[in-house]
Amino acid sequence: MAGAQCCENPPSLSSACGSGSVEDIGGLRAYVTGSTDSKAAVLFVSDVFGYEAPTVRKLADRVAAAGFYTVVPDFFHGDPFGPEKHPIVQEWRKLHAPDKSVVEAKTVVAAIQSKGISSIGAVGVCWGAKVIVELAKTSGIQAAVMLHPSSVTLDDIKEVKCHISILGAEIDRVTPPELAKQFEEALSANSQIDSFVKIFPGVAHGWTMRYDADDELAVKRAEEAHSDMLAWLTKYLQ
């Protein structure tokens, strides 16, 4: 198995990671990377481990290097999931339901637009995918990418209004391939948008973020997903 179920492999957190900076965007602290002179922006919504996870910031920096002003808000307000403080993820989720974060995300999108950037995409990882799919139901963003989504339903997918890519895992207890296939069928029936659904073989939920950097195969499969994500954003935002 080239990946791990994401909550079973927590990262070390460090606010010093990344080449960007931490700023206030739309009322939230956020990791910001890339130039505001860019013609396109990406809102990046993390998994349960939050915006200080080094892999999240590394990927945000890669998105910025591709030409996007990139914003990773702290939707957990300094309280990300962690086994020491929150040993049961289900209990943590009760404290951090996506509903409030969807409202905050719309405020962040408005703050990005106020900088003169009108072409905006969004990336959601695991927990973050639920926030992203709610944004995708509006006209606020033009493209979306979900990496091993969590809590996203078929009804959610049927309401999507922007071009969307879903990158899923073959070994996934959260969004199994059978559900991803239903997402694909629903999106294919929507002639108003373009869609792309890909199931990565031999990997588990969380493989794009919670991988062993010393495992060559795990890195290769994560890199493939990251490249697919960037290709989608570039296609529809630039």
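Contact here means heavy atoms within 4.5 Å. The model is predicted: local features need pLDDT of at least 70, side-chain atom pairs count only at pLDDT 80 or more, and totals for chains, interfaces and linings use all residues. Residues are numbered from 1 along each chain as its sequence is written, and side-chain values use heavy atoms, with hydrogens and water left out.

**Exercise 1. The surroundings of K137**

Task: Locate K137, state whether K137 is buried or exposed, and list its contacts beyond four places in sequence.

Solution.
- Step 1. Helices (H or I, at least four residues) and strands (E, at least two) are DSSP runs, numbered from the N terminus. K137 sits in the loop between α4 (127-135) and β6 (143-147).
- Step 2. Buried means under 20% relative accessible area, exposed over 50%, and partly exposed in between (1.4 Å probe, protein chains only). K137 has a relative accessible area of 14%, so K137 is buried.
- Step 3. Leaving aside neighbours within four places in sequence, K137 is in contact with D156, E159 and K161.
- Step 4. Take E159 from that set. E159 lies in the loop between α5 (154-158) and β7 (163-171). With a relative accessible area of 45%, E159 is partly exposed. Beyond four places in sequence, E159 touches A136 and K137.

**Exercise 2. A salt-bridge network**

Task: Which residues do salt bridges with shared partners join into one network?

Solution.
- Step 1. A salt bridge is a side-chain nitrogen of Lys or Arg within 4 Å of a carboxyl oxygen of Asp or Glu. The structure holds 13 salt bridges.
- Step 2. K130 bridges to D156, with the closest N and O atoms 2.6 Å apart. K130 belongs to helix α4 and D156 to helix α5, so this pair ties together parts 26 residues apart in sequence. K130 counts as buried at 16% relative accessibility. D156 counts as buried at 6%.
- Step 3. E134 bridges to K137, the closest N and O atoms being 3.0 Å apart. At 23% relative accessibility, E134 counts as partly exposed.
- Step 4. D156 also forms a salt bridge with K137, with the closest N and O atoms 2.8 Å apart. This pair links distant parts of the chain: D156 in helix α5 and K137 in the loop between α4 and β6, 19 residues apart.
- Step 5. Shared partners join K130, E134, K137 and D156 into one network.

**Exercise 3. The sheet and the helices on it**

Task: Give the strand order of the sheet, and find which strands stand at the edges.

Solution.
- Step 1. Two strands pair if DSSP finds at least two bridges between them. Eight strands form an open sheet in the order β1-β2-β4-β3-β5-β6-β7-β8, with mixed pairing.
- Step 2. β1 and β8 (195-204) stand at the edges, each with a single partner strand, so one side of each has no neighbour in the sheet.
- Step 3. Axes are lines fitted to C-alpha atoms, for helices over the stretch in contact, and angles run from 0 to 180 degrees between N-to-C directions. From one strand to the next, the twist averages 25°.
- Step 4. β1 and β2 pair in the antiparallel sense over five bridges. V22 has Y31 of β2 as its bridge partner.
- Step 5. α1 packs on the sheet and touches β1, β2, β3 and β4; its direction makes about 55° with that of β2.
- Step 6. Helix α6 (residues 177-188) lies across β7 and β8, running at about 170° to β8.

**Exercise 4. Helix α1**

Task: Check the span of helix α1, then name its buried residues and what they pack against.

Solution.
- Step 1. The expected span of a helix is 1.5 Å times one less than its number of residues. For the 12 residues of α1 (residues 54-65) this gives 16 Å, and the end C-alpha atoms are 16 Å apart, which agrees.
- Step 2. Buried in α1 are T55, V56, R57, L59, A60, D61, V63 and A64.
- Step 3. The buried residues of α1 pack against β1 (21-25), β2 (28-33), β3 (40-45), β4 and α7 (216-237).
- Step 4. G67 follows α1, and its phi is positive, near 110°.

**Exercise 5. F76**

Task: Where is F76 placed, and which residues does F76 touch beyond four places in sequence?

Solution.
- Step 1. F76 is in the loop between β4 (69-73) and α2 (89-95).
- Step 2. Its relative accessible area is 2%, so F76 is buried.
- Step 3. Not counting residues up to four places away in sequence, F76 touches S46, D47, V48, F49, G50, W92, H96 and W127.
- Step 4. F76 and N190 are 114 residues apart in sequence and 33 Å apart in space, C-alpha to C-alpha.
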